[in-house]
Amino acid sequence: MTAVARLTLENIVKQYPGCRANDGVDLVVNAGEIHALLGENGAGKSTLMKIIYGVIQPDEGTIYWEGKKLTLQGPAHARQLGIGMVFQHFSLFETLTVAENIALALPAAEARDRRALDERIREVSAHYGMALDPRRFVHTLSTGERQRVEIVRCLIQNSRLLILDEPTSVLTPQEVADLFSTLRQLASEGCSILFISHKLQEVRDLCHTATVLRHGKVTGACDPTIETTDAIARLMVGEGTPLSTDVPPADPGESLLQMHSLSFRSEDPFGTSLDRICLNLRAGEIVGIAGVAGNGQDELLRALSGEITVPAEHLTFQGTPVGNLGPDARRRQGMAVVPEDRLGRGAVPDLSLVDNTLLTASAQGMVQRGWVSYNKVRDYAQRIRERFQVKASGLDATARSLSGGNLQKFIIGREALQKPTLLVASHPTWGVDVGSAVAIHQVLVELRDQGAAVLLISEDLDELFQLCNRMGAICGGRLSPLLPTPSLTIEQLGQWMAGDFADSADAEVNHAVA
Amino acid sequence: MLSLERRGVDSRLMRYGSPVLALVLTVVTGFLVFLLLDRDPVEGLRYFFITPISDRHGWAELGLKMAPLLLCAAGLTVCYRAKLWNIGAEGHFLMGAVGASIVALQFSESTGFWVLPLVLLGGVVCGALWSMIAALLKTHFHCNEILTTIMLNYIALNLLLFAVHGPLKDPFGFSFPQSAMFADSALLPMLIPGTRLHIGLLFALLAAVAVGVIFSRTFIGFQLKVLGEDPQAAAFAGFPQKRLVWFAFLVAGGLAGLAGASEVTGPIGQLVPQVSPGYGYTAIIVVFLGRMQAVGIILGSALLALTFLGGEMMQIAMNLPKAMTGLFQGLLLFYLLTCDAFIHYRLRWNAKAAKPVAPASAANTTLAGQER
């Protein structure tokens with residue numbers, strides 16, 4: 001390790017209208033160090049990254065790059081200095097090849113010699129164990145491979161600081177392991193890595209030091225290899241917030257929901273078609289579906305909510321075919337859905353909580369002959385707010401003004417209060433603070449204990465293992481077999497997430513026989 | 001340095017203050033225009049805004065012009081709340097006028113009390129049928145309603161011209177392109193005796209109030225609002241999107257058709273090519289000026305009606321072209337759209353000055369958005 005730190009930030013302040021995203025942040029990243037930047041959604045991690053990568057300018061504070069004071073002109077300037085960034089949402093052109101995508105980020109002189117570039121891509125990717133064919137088109141690559149393209153693109157530019165924004169959220173456990181070995185090799189060769197995450201176990205496995213942000217401020221720095229996950233979580237969420245829910249064992253009853261070889265052809269070229277999905281969901285159980293984003297979770301949710309209709313008998317609920325019914329009719333039968341997009345689907349951003357209550361709870365006696373009784377809607381909204389401790393300035397506050405966690409409590413509460421027999425929830429705790437996540441988990445468990453069936457679609461494996469009594473994975477629109485959680489290993493689930501399983505159709509038959 | 005900055009929360013003050021500010025700026029600009037034209041600006045503004053309504057007759061004329069504007073605007077409000085950008089009120093209006101005329105000319109000898117309702121119904125049905133074309137194109141072929149409704153306006157105008165030059169032409173009218181005069185039984189009763197103000201204004205006020213009630217009390221109004229705010233949420237909630245589009249278009253078409261029918265059975269008494277001075281287009285300004293609220297569009301329609309009267313007064317008193325009406329309407333819309341920017345944004349002098357910190361909840365959402 002050299003005496004001069006590779007990157008030093010002093011007292012970085014960034015003010016956005018209405019919030020102070022970074023409030024006097026100090027950070028030191030040494031050469032060859034894997035440095036974790038931890039914090040909940042909204043803690044200011046992304047803002048800080050954008051400042052380091054030159055996307056935005058800080059209002060106050062100083063940046064030192066290898067000891068020299070620096071004012072970044074923009075991302076091109078940062079790349080020139082040797083700062084590379086891999087965004088959470090990849091910036092790749094799907095219609096171009098790997099080499100073309102990489103050439104786009106290079107100076108014209110280097111980009112022109114394609115043959116040399118191909119050679120360098122092969123060299124770099126082989127050196128770090130990330131096999132890549134420079135001639136392949138990006139749209140044919142898996143998510144993990146696309147991430148490699150992004151990383152190789154940074155490495156070819158001789159990055160000495162690599163910023164990775166939540167890189168593991170799109171990967172299967174096996175891919176995560178591969179990524180980590182690459183990162184360790186990079187660090188050992190002297191490259192500094194800034195690793196943004198909120199997954200504590202990963203940080204403990206990989207990182208040398210960690211800086212924790214909360215509400216735009218640094219709340220602590222620690223050595224993640226020594227600290228326990230609970231201690232680090234405390235730094236992230238602050239005192240007085242419960243960190244997890246106790247989940248008593250489930251007691252499944254009769255079968256409620258059945259998918260019989262449910263298929264759906266997506267017309268969206270970037271969508272995923274559902275392929276003969278079979279699933280049997282019983283009362284009083286939580287079934288989990290893991291999977292890497294974009295593998296058909298959204299389509300499955302829409303097929304269950306009624307936004308996508310299928311032949312009636314492909315989906316039966318309490319013995320009745322419901323596949324051809326729309327969302328409203330299904331809700332009347334007791335099927336409730338919590339979509340992953342809170343703002344813009346589960347709730348209308350610019351309407352009040354009262355109006356957003358009416359959105360899906362209208363069948364609870366709020367509308368008579370086309371007339372809305374706003375008193376009843378208000379009462380209902382108030383009950384949601386009290387029962388689920390939704391923090392809002394009032395019932396007339398817009399959905400947009402609520403924090404992610406509070407809005408999610410409101411949406412889950414709105415569905416739970418209607419006493420559904422089935423609740424399908426997609427990524428219910430995505431981007432939610434730990435306190436709200438615990439509350440949301442409690443609601444799901446309560447519903448289960450009241451005899452409802454809960455289907456939990458999530459990318460958060462910890463959440464799935466904690467709550468579900470059976471689970472499987474979805475990959476490319478196909479559903480893996482479902483196994484009881486205690487007998488399922490994370491390796492097995494990882495293989496399923498990567499698509500390594502026999503057809504769910506056959507598996508479900510076997511399961512039913514067994 | 002001057003910069004526009006997004007407000008944390010939309011400004012309520014600007015939402016309702018913007019039309020007033022736009023009107024003030026329009027008057028100021030009008031003042032300058034008169035100066036440039038070498039006319040006395042004070043006198044010009046007085047002739048435009050005050051003289052037309054300085055007596056009972058003037059107010060009656062104002063009401064007369066308000067009626068079609070407000071009827072069209074009420075219908076458009078239903079569409080615009082759902083963010084269905086129907087520009088076709090002019091076409092619905094013209095087809096309503098043609099439809100009413102067809103019915104009225106069938107009963108030129110009848111004196112029954114049922115003639116007038118039938119004639120008005122003819123207008124409503126024709127206007128609604130015309131709007132159905134755009135609705136069908138939108139719901140079944142995903143055609144952009146802005147384009148289809150504008151094009152349908154031209155088709156409607158040419159159908160009107162065809163009608164007055166052909167099948168509906170008065171056989172004893174010396175070949176003038178106009179229909180025969182309607183029978184008295186097909187004409188709207190007067191609201192104030194001795195003036196031209198007819199009961200069409202009552203229809204219009206009723207329509208505005210009805211639209212207000214739809215959006216504040218009924219479920220279909222709520223569904224339209226959600227469809228406009230957030231189509232994804234409407235789909236998630238399971239609202240019947242196509243049916244809502246049809247409802248909005250039919251209401252807009254029916255009301256604009258009624259406006260057209262009220263014009264031919266009111267002040268004109270026959271079908272003529274120039275039945276509309278652009279009411280259907282001006283109604284668009286009324287809706288935006290009136291903030292898509294019942295009271296707002298009533299006030300807005302009165303103001304825009306005044307611009308028609310003012311333009312006529314310009315011709316009579318100051319020998320200026322009627323285009324002054326269009327000038328003032330254009331200025332008003334231009335300033336309104338400009339001022340509306342300040343609902344969501346604020347002007348700031350110095351980008352480096354300290355900013356007040358908003359409530360924590362707002363801060364969290366903003367950040368969450370950025371994290372994404």
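**Two buried strand residues and a helix pair**

Let me begin with A:T316, which, leaving aside residues up to four places away in sequence, touches A:L256, A:L257, A:Q258, A:H260, A:P321 and A:V322. Please keep in mind throughout that this is a predicted model. A:T316 sits in strand 14 of chain A, residues 315–317, and because its relative accessibility is 10%, under the 20% cut-off, it counts as buried. One of its neighbours deserves a second mention, since the side chain of A:T316 makes a polar contact, at 3.2 Å, with the side chain of A:H260.

Staying in chain A, I turn to A:A210, which belongs to strand 9, residues 209–214, and which is also buried, with a relative accessible area of 2%. Its C-alpha atom is separated by 5.9 Å from that of A:L37, although the two residues are 173 residues apart along the chain. Again not counting residues up to four places away in sequence, A:A210 touches A:H35, A:A36 and A:L38, and also A:G220, A:A221, A:C222 and A:P224.

Now to chain B, and how do helix 3 and helix 12 of chain B pack? Helix 3 of chain B, residues 56–81, and helix 12 of chain B, residues 294–318, pack at an angle of about 130°, with their axes 7 Å apart, which makes helix 3 of chain B oblique to helix 12 of chain B. The crossing of these two helices of chain B is right-handed, and the residues of their contact divide into 14 nonpolar, 3 polar and 3 charged. Among the residues that meet there are B:L62, B:M66 and B:L69 from helix 3 of chain B, and B:I298, B:L304 and B:F308 from helix 12 of chain B.

Definitions and conventions: Residues are numbered from 1 along each chain as its sequence is written. Chains are lettered from A and ligands numbered from 1 in the order in which they are written. This is a predicted model: local features need pLDDT of at least 70, side-chain atom pairs count only at pLDDT 80 or more; totals for chains, interfaces and linings use all residues. Side-chain values use heavy atoms; hydrogens and water are left out. Axes are lines fitted to C-alpha atoms, for helices over the stretch in contact, and angles run from 0 to 180 degrees between N-to-C directions. Helices (H or I, at least four residues) and strands (E, at least two) are DSSP runs, numbered from the N terminus. Angles under 35 degrees count as roughly parallel, over 145 as roughly antiparallel, 65 to 115 as roughly perpendicular and the rest as oblique. A crossing is left-handed if the near helix is turned anticlockwise from the far one by less than a right angle, and right-handed if clockwise. Contact means heavy atoms within 4.5 Å. Ala, Val, Leu, Ile, Met, Phe, Trp, Tyr, Cys and Pro count as nonpolar, Asp, Glu, Lys and Arg as charged, and the others, Gly among them, as polar. Buried means under 20% relative accessible area, exposed over 50%, partly exposed in between (1.4 Å probe, protein chains only). A polar contact is a pair of N or O atoms within 3.5 Å; within protein, one must be able to donate a hydrogen and the other to accept it, and residues adjacent in sequence count only if both atoms are side-chain atoms.
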